[in-house]
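Hi,

Here is the structure I promised to send over. Have a look at it first, and then read on for what turned up when I went through it.

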Amino acid sequence: MLKRYYTLIAFLVLFNFSWGQEALLQQVEEYHEVGAYTEAQPILTQIDTAGFDKIKRGKFLYHTALSKINIDAKLVEAYQILLGAKKIVQQNDLAFLFDINDELIYTQLALSSIDENIEALMEENFAIAQELNDPNLLIGCNEYRFYQIERDDPDQHAKQIALFRNSLEIAQKNNLDVQYGNNLINLASVHDNAAQYDSALVYYEKAKDYVRTKDYLPTKIGYYNNLGNTYKNLERYKYAIDTYLEGLQWSNQHETNYLRGVLLANLANAYEQNEDFENGLQTFKKYLNHVDSLDQVERHKAIQELEAKYQVQERKLENAELSAENERQKTMTIAIAGSAFTLLLISGFIYNNQRKKKRLALQEAELEKQRADNLMKNQELATIDAMISGQEKERKRLAQELHDNLGSSLTTIRLYFENLKTHFKEETSTEIYSRTDKLLEETYSTIRSMSHNRHNGVLASKGLIPSLEKLGKNLTDSGRIKVYIHHHGMNRKLENSLELNIFRMLQELLNNVIKHAKATSTTLNIVGTDDAISLMIEDNGRGFTLAKHKENEGMGLYSIEKRIEEMGGTMDIDSSPGNGTTISIDIPIL
């Protein structure tokens, strides 16, 4: 009954923990629905997926990828995380699988470095939309067909307009206000691409009320960017500038790197077209500060061109008669730009060369550190082997001492009592009694000394679980990491060398979590059965690639694998970059 009670308590604790993590994930989903990625990010980092099922873990990865895309603009890393989410979810939730494929498709469209088959992803989503007959998904498939239309197709724009009108009808028929508004914006964009600018303005005007009430900031920011483009194409530059500035005001609330960068670039171009070179130059500098990935040479050339235009314009306003001098100044500027470009190339070459040397030095230092770590691990293995060997010798010595010392003492005591019983005499009994009493005292002292020596081990006075709980408390109190320990079926005493081995292995694993994983929390589960001990340690750290782990034996896991093999056990590692690490160990009890 008591065992059931403890099991129930453990279940309720785990259930409440899991429920709290699910509530955090729900908050992240609500923020992402309105494009509040910055507000969601700190909550996302607090989530522990240890108690999640496949779908919830897939959703955690999905929203992590959205954060990477919309805040950090790390599209390649987000793409890899989405692939991990898809692998977990598979066919268990078709609607969610559609969303994952959808993000994979649009991420791949934004990247040229990924060579995956985008057509296969689209076909998979076509099949899901047909099977579920979901109007939202059917509209999404129309957007895929939009990207499948060839750019050199003479009917390109007509086909695109037909697709979005079809989506508009589906949205209107099913009262999908969001999809209806989005497709008004899409139709406006297609008309703009077809140089049908007046038609584009009509659809933008129809979408205005929808955009004003829209909570999802990326759509709102994109609307003002596209509308500004249409005004610019109509050479209505002042309207374009005002529209871009309105979009930038919304982007200040959102911090979406990509959209803000696009707005700044378009605004700089609109200032230039309006011959406002001073504001154009300042805006373009803001754009360069915002977009770190822009090529250094292109930045330099663009700034030189804008500065030249600004200087020429100023000189024209001051004195129109100085045109010949202005031409000479322009020639000098080009020459200086060419010289600066050459100097920049040389500086870049020297910088890259120095960076390569520094990277090689760092790699050599890292290899030296790994060699030192391997040496320490091997020494630690030898120490543990010596410790266990010493324990075996101690057991043999104890058995020999029990046989030789205590056995002979107890035999002598028994003979004394037999003598007292059969030859009791008043004058001799006192002496025999005294000898017997002294021998009993010596035997008691011997047993006490042996017992004291026997219990001087690391775990003898506490046991495995209390020792681990003390270790976890000390690590948690340090403030570097939170350690949670759950155990079941461990209320029995294990053989001392087995307890010591398990303690040392878990101590090393926790050391790895702190040293390498950079985790904020880790959970240790220990389950004992009649014939085995099962261990699982999970963390929310940065994870690692298993293939690289096999090449690198300096991570502390090699010594543990070797020890487990010697004990006849098995170890399984589940980890990938950004997803934490789970290590499962099964050790037989012989």
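**The sheet**

Let me start with one pairing: Thr 570 has Asp 586 as its bridge partner in β5. Keep in mind throughout that this is a predicted model. β4 and β5 run antiparallel to each other and share six bridges. Five residues separate the two strands in their hairpin, and Gly 578 there has a positive phi near 85 degrees.

β5 also pairs with β3: residues 532-539 and 581-588 are antiparallel over eight bridges. Two of the matches are Leu 535 with Ile 585 and Met 536 with Ser 584.

Taken as a whole, the sheet is open and has five strands in the order β1-β2-β3-β5-β4, with mixed pairing. The edge positions go to β1 (482-488) and β4 (570-575); each has a single partner strand, so one side of each has no neighbour in the sheet. On average, neighbouring strands are turned by 10 degrees against each other, direction ignored. Helix α19 (residues 496-517) lies across β1, β2 (521-528), β3 and β5, and runs at about 10 degrees to β3.

**Helix α6**

The other place I spent time on is α6. Its 15 residues (118-132) should span 21 Å at 1.5 Å a residue, and the end C-alpha atoms are indeed 21 Å apart. Which residues of α6 are buried? They are Ile 118, Leu 121, Met 122, Asn 125, Phe 126, Ile 128 and Ala 129. These cover an arc of only 165 degrees around the axis, so they sit on the same side of α6. That fits the usual helix geometry: with 3.6 residues a turn, residues three or four places apart point the same way. Exposed Gln 130 and Glu 131 are on the face of α6 turned away from the buried side.

The cover over the buried residues of α6 includes α4 (75-89), α5 (94-110) and α7 (135-148). Just after the helix, Asn 133 has a positive phi of about 50 degrees.

Asn 125 deserves a look of its own. This residue of α6 has a relative accessible area of 0%, so it counts as buried. Beyond its neighbours within four places in sequence, Asn 125 contacts Leu 97, Phe 98, Asn 101, Asp 102, Ile 105, Cys 141 and Tyr 144.

**The cores**

Two of those contacts of Asn 125, Phe 98 and Tyr 144, come up again in the largest nonpolar core. This core has 39 residues, and the members touching the most others are Ile 47, Phe 98, Ile 100 and Tyr 144. The elements giving two or more residues to it are α1 (2-33), α2 (37-44), α3 (54-72), α4, α5, α6 and α7. With eight residues, α3 contributes the most.

Setting aside residues up to four places away in sequence, Ile 47 touches Gln 21, Leu 24, Leu 25, Val 28, Phe 52 and Phe 60. There is also a second, separate core of 38 residues, with Ala 207, Val 211, Ile 221 and Leu 263 among them.

**Overall numbers**

The protein has 21 helices and five strands. Of its 590 residues, 39% are buried. Among contacts with a separation of 6 or more, 61% are between residues 24 or more positions apart.

Cheers

Note on methods: Residues are numbered from 1 along each chain as its sequence is written. This is a predicted model: local features need pLDDT of at least 70, side-chain atom pairs count only at pLDDT 80 or more; totals for chains, interfaces and linings use all residues. Side-chain values use heavy atoms; hydrogens and water are left out. Helices (H or I, at least four residues) and strands (E, at least two) are DSSP runs, numbered from the N terminus. The expected span of a helix is 1.5 Å times one less than its number of residues. Buried means under 20% relative accessible area, exposed over 50%, partly exposed in between (1.4 Å probe, protein chains only). The arc is that of the directions from the helix axis to the C-beta atoms. Contact means heavy atoms within 4.5 Å. Two strands pair if DSSP finds at least two bridges between them. Axes are lines fitted to C-alpha atoms, for helices over the stretch in contact, and angles run from 0 to 180 degrees between N-to-C directions. A nonpolar core is a set of buried Ala, Val, Leu, Ile, Met, Phe, Trp, Tyr and Cys residues joined through side-chain atoms within 4.5 Å.
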